[in-house]
Amino acid sequence: PGGMHPVMAIAAIALIAVGAGASAALNMWYDADIDAVMSRTQDRPVPSGRVTPDAALTFGLWVSGLSVLSMAVMINYLSAALLAFTIFFYAVIYTMFLKRRTAQNIVIGGAAGALPPVIGWAAAANSVSIEPLIYFAIIFFWTPPHFWALALIKNDDYQAANVPMLPVTSGVKSTLSQIVLYAFVLFGVSLLPYALGFSGLFYASGAALLGSLFLALCIGLALASEKNRNRLAGMTFAYSIFYLFLLFVLLPTDKVMGL
């Protein structure tokens with residue numbers, strides 16, 4: 001929205017990324033015990049012994065504080081407050097409370113991962129409107145099918161670590177149904193920028209194509225035999241990253257093209 005000096009824009013994006021890294025460091029400090037149990041995470045810096053827990057905590061807290069303070073001084077207070085809330089939500093609400101207590105951990109906790117577009121919008125406009133909330137919703141509804149596809153592959157890890165991911169608590173069949181349900185909702189939500197008039201046909205066409213492929217993969221995963229399930233789950237997880245990246249490339253490209 002509006003204009004923003006390129007240096008300030010780059011600084012804002014960098015500070016959001018630094019804040020995300022800081023919250024990840026705090027997550028790895030707190031989760032070192034279960035990370036050491038799971039094959040996917042046991043080589044992370046803290047459980048592998050390359051970084052001490054105290055060093056990880058100190059690093060995470062200092063970098064969190066510096067990223068928020070820098071955002072406040074260089075950009076504006078609203079974006080700094082949103083960045084601080086995002087770090088707190090991920091490191092405290094998700095990591096310390098939700099992750100080990102509820103199978104909806106990744107659903108509720110996904111709000112932290114969905115907030116960066118809102119922070120970016122606030123950095124540029126010093127306000128929040130409907131557009132960034134739609135971008136938030138896209139990432140929010142994308143997160144469960146994205147992560148549950150991985151959770152299906154790593155189900156044994158989560159069982160060993162006693163982490164209540166959906167496949168552990170509700171079983172594979174229920175998880176597959178939820179993946180398909182969220183994929184359908186995501187497909188509809190991804191078209192809202194066009195339906196609400198702040199993107200054009202270029203975005204709408206690309207989003208429909210990308211969403212159809214993602215939906216087809218999720219349905220295929222749900223219908224797959226047990227023998228092929230992990231292979232299709234891996235494909236779904238990999239494509240989900242590609243999907244979200246391209247979707248958020250389409251948005252500014254559509255604006256530039258003006259179609």
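What follows is a friendly conversation about helix packing, cores and loops in a predicted model.

Biologist: Let's start near the N terminus. How are helices H1 and H3 oriented to each other?

Modeller: Keep in mind that this is a predicted model. Helix H1 covers residues 6-30 and helix H3 covers residues 53-74, and they pack with their axes 8 Å apart at an angle of about 155 degrees. Angles over 145 degrees count as roughly antiparallel, so H1 and H3 are roughly antiparallel.

Biologist: Which hand does the crossing of H1 and H3 have, left or right?

Modeller: The residues in contact include Ala-11, Leu-15 and Trp-29 of H1, along with Phe-59, Val-63 and Met-71 of H3. As for the hand, the crossing of H1 and H3 is left-handed.

Biologist: And how many charged residues are in the contact of H1 with H3?

Modeller: Gly-19 and Ser-23 of H1 take part, as do Gly-60 and Ser-64 of H3. By class, the contact has 18 nonpolar residues and 6 polar ones, and the number of charged residues is none.

Biologist: Now the largest nonpolar core. Which helix gives it the largest share?

Modeller: This core has 53 residues, and Ile-138, Trp-148 and Tyr-243 touch the most other members. The elements that give two or more residues to it include helix H4 (77-98), helix H9 (166-190) and helix H12 (226-257). The largest share is 12 residues, and the helix that gives it is H7.

Biologist: Let's look at Tyr-243 in that core. Which residue of the contact between H9 and H11 ends your list of what Tyr-243 touches, once close sequence neighbours are left out?

Modeller: Residues up to four places away in sequence are not counted. Tyr-243 then touches Trp-142, Leu-186, Ser-190, Leu-210, Gly-211 and Phe-214. Leu-186 and Ser-190 in H9, and Gly-211 and Phe-214 in H11, also belong to the contact between those helices, so to speak of the last in the list, it is Phe-214.

Biologist: Leu-210 is in that list too. Is Leu-210 buried or exposed?

Modeller: Leu-210 lies in helix H11. Leaving aside neighbours within four places in sequence, Leu-210 is in contact with Tyr-239, Tyr-243, Leu-246, Leu-247 and Leu-250. Buried means under 20% relative accessible area, and at 9% Leu-210 counts as buried.

Biologist: What angle do H9 and H11 make where they pack?

Modeller: Among the residues that meet are Ile-179, Phe-184 and Phe-187 in H9, and Tyr-203, Leu-215 and Cys-218 in H11. By class, this contact has 16 nonpolar, 3 polar and no charged residues. The axes of H9 and H11 are 9 Å apart, and the angle is about 175 degrees.

Biologist: How are H5 and H7 oriented to each other?

Modeller: H5 and H7 pack with their axes 8 Å apart, at an angle of about 130 degrees. Ile-106, Val-107 and Gly-110 are among the residues of H5 that meet H7, where Phe-136, Pro-144 and Trp-148 take part. H5 passes H7 in a right-handed crossing. Given that angle, H5 and H7 are oblique.

Biologist: On to H6. Which residue just after H6 takes a positive phi?

Modeller: Within H6, Pro-117, Val-118, Ile-119, Trp-121, Ala-122 and Ala-123 are buried. What covers them includes H1, H3, H4, H5, H7 and H12. Just after H6, the residue with a positive phi of about 55 degrees is Asn-126.

Biologist: Is Asn-126 buried, partly exposed or exposed?

Modeller: Asn-126 is found in the loop between helix H6 (116-125) and H7. Its relative accessibility is 47%, and over 50% would be needed for exposed, so Asn-126 counts as partly exposed.

Biologist: What phi does Asn-162 have?

Modeller: The place of Asn-162 is in the loop between H8 and H9. At 64% relative accessibility, Asn-162 counts as exposed. Most residues other than glycine have a negative phi. Asn-162 is not a glycine, yet its phi is positive, about 60 degrees.

Technical notes. Residues are numbered from 1 along each chain as its sequence is written. This is a predicted model: local features need pLDDT of at least 70, side-chain atom pairs count only at pLDDT 80 or more; totals for chains, interfaces and linings use all residues. Side-chain values use heavy atoms; hydrogens and water are left out. Axes are lines fitted to C-alpha atoms, for helices over the stretch in contact, and angles run from 0 to 180 degrees between N-to-C directions. Helices (H or I, at least four residues) and strands (E, at least two) are DSSP runs, numbered from the N terminus. Angles under 35 degrees count as roughly parallel, over 145 as roughly antiparallel, 65 to 115 as roughly perpendicular and the rest as oblique. A crossing is left-handed if the near helix is turned anticlockwise from the far one by less than a right angle, and right-handed if clockwise. Contact means heavy atoms within 4.5 Å. Ala, Val, Leu, Ile, Met, Phe, Trp, Tyr, Cys and Pro count as nonpolar, Asp, Glu, Lys and Arg as charged, and the others, Gly among them, as polar. A nonpolar core is a set of buried Ala, Val, Leu, Ile, Met, Phe, Trp, Tyr and Cys residues joined through side-chain atoms within 4.5 Å. Buried means under 20% relative accessible area, exposed over 50%, partly exposed in between (1.4 Å probe, protein chains only).
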